[in-house]
Amino acid sequence: MTTKKPIRVAVTGAAGNIGYALLFRIASGEMLGKDQPVILQLLEIPTEGAQKALKGVAMELEDCAFPLLADMVLTDDANVAFKDANWNLLVGSKPRGPGMERADLLKDNGKIFIAQGKAIDAVAADDARVAVVGNPCNTNVMIAAAQAKRLTADRFTAMVRLDENRGRAQLAKKAGVSINDVSDLFIYGNHSPTMFADFTHAKIGGKPAAEVIGDEAWLKNDYLPAVGKRGAAIIEARGLSSAASAANALIDHVRDLTTVGAVHSVAVNSEGRYGFAEGVWAGMPVKTTATGYEVITSYEMDDFAKSKIALTNDELVGERDTVKDLLAS
Ligand SMILES: NC(=O)c1ccc[n+]([C@@H]2O[C@H](COP(=O)([O-])OP(=O)(O)OC[C@H]3O[C@@H](n4cnc5c(N)ncnc54)[C@H](O)[C@@H]3O)[C@@H](O)[C@H]2O)c1
């Protein structure tokens with residue numbers, strides 16, 4: 001049996017749909033390694049229903065007798081959930097209610113991420129890292145990071161990996177090849193239909209994807225919107241939003257951020273790269289290093305790619321404008 005020190009993983013919204021597809025995979029070692037014990041620190045809202053559901057999930061985790069699950073903490077207190085946590089997976093957020101404007105959703109969720117950003121900065125481990133899934137995830141991570149005085153901005157990421165996985169799968173399907181033949185497909189910008197799945201640099205079997213597909217109109221007019229609106233298509237088909245694939249993408253996101261040399265799409269502080277506004281969190285390719293990641297800045301964008309990036313950047317800047325009061329608080 002392993003003698004490694006357990007890694008503390010805080011998960012918010014742990015009794016939700018994604019939580020139910022995520023926690024068992026973390027506890028089985030799929031995220032941090034098959035020899036790495038974990039302690040799950042699970043946060044839910046303080047309603048009787050949510051806390052009861054959380055307890056039920058914890059009972060099932062217990063019943064799995066996972067050898068790597070060293071301990072569990074169940075709480076409605078962010079300062080308990082994030083205490084000494086090495087990974088902070090911010091999945092929980094408020095869904096858009098009937099008749100609710102997007103601006104209200106941004107502001108309501110923004111408040112959650114102010115409180116959680118503050119708590120993480122105050123009590124999480126010195127090597128704490130944050131991955132935001134709760135939507136609108138690019139703006140939520142920006143709000144959480146704005147609260148941090150101890151932790152640096154590079155510790156805060158948001159998830160665009162589901163979009164990358166969707167984009168790779170759609171290219172493989174169209175070309176009639178294995179998913180393993182598709183590479184270099186990265187997501188730029190917002191986790192929303194404006195995202196740019198950069199097919200212009202993607203490869204299929206080592207060749208440019210556009211050459212292999214041989215149908216530029218399909219790539220521009222069908223493929224891009226299909227990847228961007230895949231979340232809505234899942235809701236339409238399943239009656240529920242994507243949960244298992246989102247949990248899977250979060251496992252990929254964290255695993256690749258802890259695998260030196262992995263190259264993958266992550267939403268990070270843009271620092272003005274690829275024409276994004278300074279300080280918005282935008283998807284882009286990163287390469288994992290021993291201490292964190294470096295953003296890959298070497299891709300040259302053509303006019304079409306630049307126009308797509310400008311569009312998703314405009315949306316990110318608009319979201320930031322909507323929550324500017326929260327950023328200042
Ligand atoms: N980035 C992505 O690719 C991606 C993909 C799919 C879903 N999402 C988003 O992930 C989020 C969760 O999705 P889900 O299907 O699990 O939703 P869900 O409604 O089933 O679960 C969310 C859970 O979060 C909890 N919660 C709400 N506010 C909280 C808070 N302040 N602290 C702790 N817990 C809180 C709720 O009680 C609920 O149990 C949603 O915002 C969804 O839009 C993101």
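Here are some short questions and answers about salt bridges in this predicted model.

Q: What makes the contact between Asp256 and Arg161 a salt bridge?
A: The cut-off is 4 Å between a side-chain nitrogen of Lys or Arg and a carboxyl oxygen of Asp or Glu. Here the N to O distance is 2.9 Å, so the pair makes the cut. The two partners come from distant parts of the chain, 95 residues apart: Asp256 sits in helix H10 and Arg161 in helix H6. Both Asp256 and Arg161 are buried.

Q: How do you know that Asp163 is buried or exposed?
A: Buried means under 20% relative accessible area. Asp163 comes in at 0%, so it counts as buried.

Q: What about Arg166, is it buried or exposed?
A: Run the same check: Arg166 has 11% relative accessibility, and buried means under 20%, so Arg166 is buried. Asp163 and Arg166 also pair up in a salt bridge, at 3.7 Å from N to O. They lie 3 residues apart in helix H6, about one turn of the helix.

Q: Why is Lys220 called partly exposed?
A: Buried is under 20% and exposed is over 50%, with partly exposed in between. Lys220 has 27%, so it lands in that middle group.

Q: What makes Lys220 and Glu216 a salt bridge?
A: Their closest N and O atoms are 2.7 Å apart, and the rule asks for within 4 Å, so the pair counts. Lys220 and Glu216 are 4 residues apart in helix H8, which means about one helical turn separates them.

Q: How many salt bridges does a search of the whole structure find?
A: The search finds 13.

Definitions and conventions
Residues are numbered from 1 along each chain as its sequence is written. This is a predicted model: local features need pLDDT of at least 70, side-chain atom pairs count only at pLDDT 80 or more; totals for chains, interfaces and linings use all residues. Side-chain values use heavy atoms; hydrogens and water are left out. Helices (H or I, at least four residues) and strands (E, at least two) are DSSP runs, numbered from the N terminus. Buried means under 20% relative accessible area, exposed over 50%, partly exposed in between (1.4 Å probe, protein chains only).
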